[in-house]
Amino acid sequence: MLYPKDTCSREVKELSGVWRFKADLDNVGRQEQWFAQPLTDTIPMPVPASYNDITQDMAIRDHIGDVWYEETFLIPRSWNGQRIMLRVGSACHHAVVWVNGAEAGSHKGGFLPFEMDISHLVCSGAENRVTIVVNNILTWQTLPPGRIKTFDDPRHPEGYQIQEYFHDFYNYAGLHRPVKLYCTPKEYIRDTAVTTEVEGANGLVHYTVECSDPEAAVRVKLTDKAGTVVAEANGASGSLTVEKAKLWKPLAAYLYTLHVEMLDAEGALLDHYPLTVGIRTVKVEGNRFLINGEPFYFKGFGKHEDSDIKGKGLDQAINVKDFNLLKWINANSFRTSHYPYAEEILDMADREGIVVIGEVPAVGFTFFNYNEKVYTPDKANDETLAHHKDVLTDMIARDKNHPSIVMWSLSNEASTFQEEAVPYYKEVSDLARKLDATRPITVVEWALPDKCQVAQMFDVICVNRYYSWYNDPGALELIEHQIEWELTGWNRNFNKPVIMSEYGADAIAGFHQDPPVMFTEEYQCELLTRYHNVFDRLDFVIGEHVWAFADFATKQGTTRINGNKKGIFTRQRQPKMAARLLKDRWEQMGSYPVK
Ligand code: GCB
């Protein structure tokens, strides 16, 4: 799926701004057809943003069910005769869209874009109305999963219910990413896929272009940063050779642009789309993760799309700040825990040379208990698997061309110790390999190495572990023994490189005590140091992603003090003590640590 861009044949109109909003507190709007007329009794709501923290109304923040968004727009006269598309960057978690009261499309899943052709629904020269209903309910058939819990006891009023979910981030909802209108010619470039190889000093760019008319003539030109054409070809698929290619490297990104042109029978330009291309290779060999043939060590974080007031809404100020902090602290990578991030964030990663592990929103598929099953007909069942595969397909379709993404993570902390997880992950991993033969795949593990049943299907072992936090709280002296025992077990059992994909401790900014105790900044520093001592001894450890980049919102609970405080930065992006520790460590390490 191509990101909307202004080109000589396409035009984009941003619909981001302040929309009209109505929380459907009784969930009657669909039945009463609120889409048929302009919404009444609305309040202003920014798009993109989560709606939860915008108002002072707890009922809106905690509402379970539908909310309605509405905006009006004009179609420029120049768009007459064009194909007019409406694209929703993400609607968390399910949405139906109407244009001028007629249904235009719907989507399930909160972290990927969807678009619809609304050419036949809009009037040019008059005001058009778009209405979007967004629903935040999670079930065992959604990603992430959840369930509505009802109560059958006298302590709870009749009909009282809550949305339960098993992941550790607040269930923000709404229109989290930009909504855009764009036009293309009637005959248009539908998609372009690029993969790259390196041969000596040359780069190879293999491309495939899909046009609305499969017979259409296609021309591609690859330009360098200065705009000079370095390679060109005719045909809907082929390979370009770039002599003395400048490679996309971690923290030293170089980007080319592939200008894709669709031509009519006379050779006149019908449609033009410029795609950003980074030439690089990725491979797992023995215990090494190779980027451009060189061993790469992941230094960085698990992150979240999360900030004050906007919740999960895309905020380019936060986005740019986060990349500045990543570079300041000498990180080189992050995981899009626990869902695909906004395309605008991945574009920054491409530009800044920050390496990314892209993750599907399969988080919360465990009860952290070896006896309780999740892959059962009443929980994560065939329908869940089908949806998991759909989301994976859409994620790879959207993100396949980002050079920054070097690996796909197909779930976070699932019950991979269950026998039933084996056929499930066989299907998911086979699909990932079929859709993208160029990137390694992983699942992020919670199970112990002797319990996990699926790790052999993947290229890299990613492990999350909280020794001396959830396990043996306060016992810092146990960390080195425990983590060395476990990581060695992973490598011995599966003979694959290991990334510590989460480790950390909650630290409340400003809490200090020495000798350290839990929740102080000193404790967070001491805990990280002890993990690092082990990583430095183990040759097969190829990365450390601290949990988490910044403090973030979670559901309320007795173990969460206004959110998860494992951030190395506060939610407002100010450094805690551990930030200095990591900055120094990662600087000294350079690009690959000598062990
Ligand atoms: C985990 C999860 C992450 C949580 C973290 C924690 O293992 O992957 O989503 O936030 O632990 O802090 O408990």
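The following legends describe close-up views of a ligand and of a pocket in a predicted model.

**Figure 1. Residues surrounding the ligand.** The ligand is surrounded by 13 residues. Those closest to the ligand are D168, H338, E413, Y470 and K566. Sorted by class, this shell contains 5 charged, 4 polar and 4 nonpolar residues.

**Figure 2. Polar side chains at the ligand.** In the side chain of D168, an N or O atom lies 2.5 Å from an oxygen atom of the ligand. For N412, the distance between a side-chain N or O atom and an oxygen atom of the ligand is 3.0 Å. For R560, the corresponding distance from a side-chain N or O atom to a ligand oxygen atom is 3.1 Å. The ligand taken alone exposes 320 Å², of which the protein buries 93%.

**Figure 3. The pocket that holds the ligand.** Which pocket does the ligand sit in? The ligand occupies the second largest pocket.

**Figure 4. The largest pocket.** The volume of the largest pocket is about 1,100 Å³. Its lining is formed by 37 residues, and R61, D62, Y170, K555 and Q556 are the closest to the pocket centre. Two elements, the helix α1 (58-61) and the strand β12 (161-165), each give two or more residues to this lining. Strand β12 provides the largest share, with 5 residues.

**Figure 5. Classes of residue in the lining of the largest pocket.** How many residues of each class line the largest pocket? The lining of the largest pocket divides into 15 polar, 12 nonpolar and 10 charged residues.

Terms used
Residues numbered from 1 in each chain as written. Predicted model: local features only at pLDDT ≥ 70, side-chain atom pairs only at ≥ 80, totals over all residues. Heavy atoms only, no water. Near = heavy atom within 4 Å. Polar contact = N/O pair within 3.5 Å; in protein donor to acceptor, adjacent residues only side chain to side chain. Areas by Shrake-Rupley, 256 points an atom, 1.4 Å probe, with all protein chains shown as cover. 1 Å grid on protein atoms, 1.4 Å probe; cavity = no way out; pocket = protein on both sides within 12 Å on 5 of 7 lines; lining within 4 Å. Sits in = over half its atoms within 2 Å of the grid points. Nonpolar A, V, L, I, M, F, W, Y, C, P; charged D, E, K, R; others polar. Points joined across faces, edges and corners; volume = space filled by probe spheres on them. Helix = DSSP H or I, 4+ residues; strand = E, 2+ residues; numbered from the N terminus.
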